[in-house]
Amino acid sequence: MTPRTSFSNLVSALSLVVATGAQAQDGGAIYADLCASCHGEARLGAIGPALIPEALARLRGASLEQVIAHGRAATQMPAFAGTLGPTEIAAVAEYVSQPLAEIPDWTAEDIAESYTPNPDYRPSDKPVFDADPMNITLVVETGDHHVSVLDGDTFEVLDRFPTPFAVHGGPKFSPDGHFVTIMSRDGWVQKYDIWSLQEVARTRAAINARNIALSPDGQWVAVANYLPHTLTILDADLRPVQVRRIVAADGSESRVSAVYQAPQRNSFILALKDAPEIWEIALSEVAGPFHDSFVHSYEKGMEESLAAEKGLFARRRIKVEEPLDDFFFDPGYRNLVGASRDGERGVVVNLEVGRQIAELPLPGMPHLGSGISWISEGRRVMATPHLKEGRLTVIDTDDWSVVKTVDTLGPGFFLRSHENSPYVWADVFFGPNKDKMHILDKDRLEIVKTLDPAPGKTVAHIEFTKDGSHALVSLWEDDGAVIVYDAMTLKEVRRLPMRKPSGKYNVWNKITFSDGTSH
Ligand code: DHE
């Protein structure tokens with residue numbers, strides 16, 4: 001079992017961090033002297049973000065030293081090149097890259113204490129703007145940690161609000177599109193009122209989180225966490241309701257890969273990152289189809305009794321052969337397709353019978369979280385990009401056979417389409433062709449055009465307007481843009497300046513689970 005300590009004991013526990021030689025010890029002293037006041041004595045974040053390997057995953061070695069030396073534009077992070085020499089900068093970078101000696105706890109009390117309502121928030125029972133509230137698109141700008149609220153008809157920015165540091169994953173809209181909930185990698189969860197264009201509140205649900213899911217009725221927010229090993233459930237006001245420790249059937253603890261809502265099943269589905277299990281969390285008293293699946297999958301000898309697990313948030317375990325990182329659901333949420341750890345196969349798990357029913361060849365690390373589904377020549381297919389190979393795989397969701405493999409100009413990250421569009425848009429996120437955007441015909445399953453709107457720059461992630469008439473593409477640079485295309489002629493019509501717009505989310509497409517959006 002991994003050792004744990006309470007948050008209050010953490011500072012003293014950190015003195016146990018095993019230093020990797022004199023350099024790391026110096027790094028610790030420099031950290032305490034210059035960094036702790038903003039990033040927290042325990043490196044868990046304060047006004048600055050947490051400085052722990054889980055949070056710095058994409059910022060290592062030279063890049064981390066660059067930030068320490070030169071600061072970070074548009075943030076309060078100052079440059080230390082005038083104060084510290086290169087060896088000291090390397091030492092502090094090395095220090096913050098070391099794992100914490102103990103996995104800190106983050107209890108319901110810690111969450112409740114972090115709760116920060118916006119004192120100026122005034123609710124409004126109707127939108128304070130004339131734009132169609134169903135055609136609002138949110139643009140997450142990770143360049144300076146803001147979200148722009150776009151009118152999907154005029155492309156006017158109605159508001160631009162600050163977010164917690166490093167938002168990741170899709171914001172989740174309430175079923176009526178009135179509110180949105182956003183999560184940062186540091187575990188902060190923010191609620192924003194789209195109708196009144198104001199932040200409602202924010203709270204820190206964990207130390208390091210993966211993603212969030214909102215229950216189909218909008219009443220509960222599930223937060224999937226890496227640190228600590230928990231699933232946090234908040235109510236719609238962001239107050240903690242349950243902090244559930246993730247303990248696999250064999251007693252070991254696990255991180256959570258991701259959590260999603262399954263609307264037809266009225267449940268949350270999550271995958272454990274370190275144990276071969278999928279969990280389903282009931283969002284009503286266990287009854288109906290969920291109850292049947294629940295009873296079916298119940299195993300004697302589990303520590304909890306069925307009786308104890310039949311209320312709200314009852315948990316069902318589905319055993320799989322190996323842990324799943326990333327997954328996709330068919331539109332009826334009857335089946336889940338997950339990527340195997342070796343990145344070579346996809347496994348199909350039927351949620352009703354609670355077991356694996358098929359396996360697919362998906363070499364090259366499929367990115368199933370970005371998978372989308374549509375009707376192609378009368379049959380329902382899904383497609384996934386691959387993070388390590390330049391290809392898209394199209395799968396028939398009736399018999400789980402591979403219909404086609406489409407070669408692309410490099411590995412991609414995101415895919416999008418819309419019911420009213422004949423095309424699927426696929427980025428080429430990695431490699432020399434990161435500036436390209438492929439357009440595929442949904443029936444022929446062929447690339448019919450490749451856009452090149454900003455040679456040499458990263459072009460990624462797509463979202464459609466509510467009616468599918470326009471496609472919004474990110475120019476994923478610090479001084480980037482959202483490029484608006486006519487989705488039929490594929491011609492650029494507008495370019496809206498944005499700071500590294502990582503993702504875009506249309507209220508209508510998301511709340512109606514539009515064909516062509518990822519979950
Ligand atoms: Fe993501 C969504 C996991 C790295 C930008 N990413 C998701 C989701 C998961 C996931 C599970 C779905 C959550 C949801 O929307 O509820 N991402 C992972 C990883 O495991 C990975 C590869 C490694 C990691 O660092 O965690 C990873 N992701 C990245 C990035 O480096 C990206 C490109 C930049 C960033 O901001 O961190 C990135 N991920 C995104 C975006 C989404 C996302 C923009 C939402 C896409 C959408 O359209 O819904």
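**Close-ups of the ligand site and a pocket**

**View 1. His 168 meets the ligand.** In this predicted model, an N or O atom in the His 168 side chain sits 3.0 Å from a nitrogen atom of the ligand. The ligand also carries an iron atom, and His 168 is its only protein donor, reaching it through NE2 at 2.2 Å. If you're tracing the chain, look for His 168 in the loop between strand E6 (157-162) and strand E7 (172-173).

**View 2. Polar contacts to ligand oxygens.** Here we pick out Arg 185, which has a polar side-chain atom 2.7 Å from an oxygen atom of the ligand. Asn 211 joins in too, with a side-chain N or O atom 2.9 Å from a ligand oxygen. Strands E11 (208-214), E15 (256-262) and E35 (501-506) are the elements that give two or more residues to the shell around the ligand.

**View 3. The whole shell around the ligand.** Zoom out a little and you get 20 residues surrounding the ligand, with His 168, Lys 172, Arg 185, Arg 210 and His 461 the closest. E11 makes the largest contribution, 3 residues. As for chemistry, the shell is a mix: 8 nonpolar, 7 polar and 5 charged residues.

**View 4. The second largest pocket.** This pocket has a volume of about 580 Å³. Its lining counts 32 residues, and Tyr 333, Lys 510, Phe 513, Ser 518 and His 519 lie nearest the centre. Among the elements that each supply at least two lining residues are E7, E11, E15 and helix H7 (507-511). Sorted by class, the lining comes out at 16 nonpolar, 12 polar and 4 charged residues.

Methods:
Residues are numbered from 1 along each chain as its sequence is written. This is a predicted model: local features need pLDDT of at least 70, side-chain atom pairs count only at pLDDT 80 or more; totals for chains, interfaces and linings use all residues. Side-chain values use heavy atoms; hydrogens and water are left out. A residue is near a molecule or strand if one of its heavy atoms lies within 4 Å of it. A polar contact is a pair of N or O atoms within 3.5 Å; within protein, one must be able to donate a hydrogen and the other to accept it, and residues adjacent in sequence count only if both atoms are side-chain atoms. Helices (H or I, at least four residues) and strands (E, at least two) are DSSP runs, numbered from the N terminus. Ala, Val, Leu, Ile, Met, Phe, Trp, Tyr, Cys and Pro count as nonpolar, Asp, Glu, Lys and Arg as charged, and the others, Gly among them, as polar. Donors are N, O and S atoms within 2.8 Å of the metal (3.2 Å for Na, K and Ca); water is not among the atoms, so sites may look incomplete. On a 1 Å grid over the protein atoms alone, a cavity is a set of points where a 1.4 Å probe fits but cannot get out, and a pocket is an open set with protein on both sides within 12 Å along at least five of seven lines; lining residues have an atom within 4 Å of a point. Grid points are joined across faces, edges and corners, and a volume is the space filled by probe spheres set on the points.
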